[in-house]
Structure formats: structure tokens, C-alpha cells
Amino acid sequence: MRNIRRLSEEEVQALSMEMKVCYMLQAWNNVADPQTPEEWAKEVGFFNYKKIGVSNNDPVAIKKALEDAEYHIQYINTFII
């Protein structure tokens, strides 16, 4: 079985800007490997947006996670980069 751990600082630094934003909003461990904000929202992003007792594949929570990530990514692209 794989040893589950948070991503190391080096692994986080190697992420794209979009995935760093996603990691900031909802971190994941080394078992998950989302490559896009959409994958992130479906795999781990929804955790901060779902209500207690609601299924992990709640489309409302997934949509909210993706919208939040896209908002922050757009902000960085517009005002920082």
C-alpha cells in the first residue's frame, strides 16, 4: 500500500499556477493527481463546498469549487501576471 502524505514543498512548487491556486483552496495528498482545475474540483475541490452528509459527487459543490478556482485564477492572470 502507498504511504499517504501531503505534497512536499518541492511538489507544490512544481505545480502549474492554476494547480497552485487549486492546492491553496483545497490541498490534496500524494494519492490524488489532478492535472486540471476540472479534475481537481471533481476529485478533491468539492470538500470545502459540500454540506455535511451530502454525497462526495455533489454537482453543486463541484461546480462551486470550480467557479471559485476559476475566479482566483482569472484574478491572478488579470492583476498579477
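Student: Which radius of gyration does the protein chain have, and what would a compact globule with 81 residues have?
Tutor: The radius is taken over C-alpha atoms, and the globule rule is 2.2 Å times the number of residues to the power 0.38. With 81 residues, that puts a compact globule near 12 Å, which agrees with the chain's own 13 Å.

Student: Before we go on, what kind of model is this?
Tutor: Residues are numbered from 1 along each chain as its sequence is written, and side-chain values use heavy atoms, with hydrogens and water left out. Local features need pLDDT of at least 70, side-chain atom pairs count only at pLDDT 80 or more, and totals for chains, interfaces and linings use all residues, since the model is predicted.

Student: How many helices and strands are there?
Tutor: Elements are DSSP runs numbered from the N terminus: helices are H or I with at least four residues, strands E with at least two. Along the sequence the chain reads α-α-α-α. The count is four helices and zero strands.

Student: What should helix H4 span, and how far apart are its end C-alpha atoms?
Tutor: The expected span is 1.5 Å times one less than the number of residues. H4 covers residues 59-79, 21 residues, so it should span 30 Å; this agrees with its end C-alpha atoms, which are apart by 30 Å.

Student: Which residues of H4 are buried, and where do they sit around the axis?
Tutor: Buried means under 20% relative accessible area, exposed over 50%, partly exposed in between (1.4 Å probe, protein chains only). H4 buries Ala61, Ile62, Ala65, Leu66, Asp68, Ala69 and Ile73. Going by directions from the helix axis to the C-beta atoms, they cover an arc of only 160°, which puts them on the same side of H4.

Student: And which exposed residues are on the face turned away from that buried side?
Tutor: What covers the buried residues includes helix H2 (17-25) and helix H3 (37-43). The face turned away carries exposed Pro59, Val60, Lys63, Tyr71 and Phe79.

Student: Which element gives the largest share of the largest nonpolar core?
Tutor: Such a core is a set of buried Ala, Val, Leu, Ile, Met, Phe, Trp, Tyr and Cys residues joined through side-chain atoms within 4.5 Å. The largest has 21 residues, with Leu15, Tyr23, Trp28 and Trp40 making the most contacts inside it. H2, H3 and H4 each give two or more residues. The largest share, six residues, comes from H4.

Student: Which H4 residues does Trp40 touch?
Tutor: Contact means heavy atoms within 4.5 Å. Leaving aside neighbours within four places in sequence, Trp40 has contacts including Met19, Cys22 and Trp28, plus Ala65, Leu66 and Ala69. Those buried on H4 include Ala65, Leu66 and Ala69.
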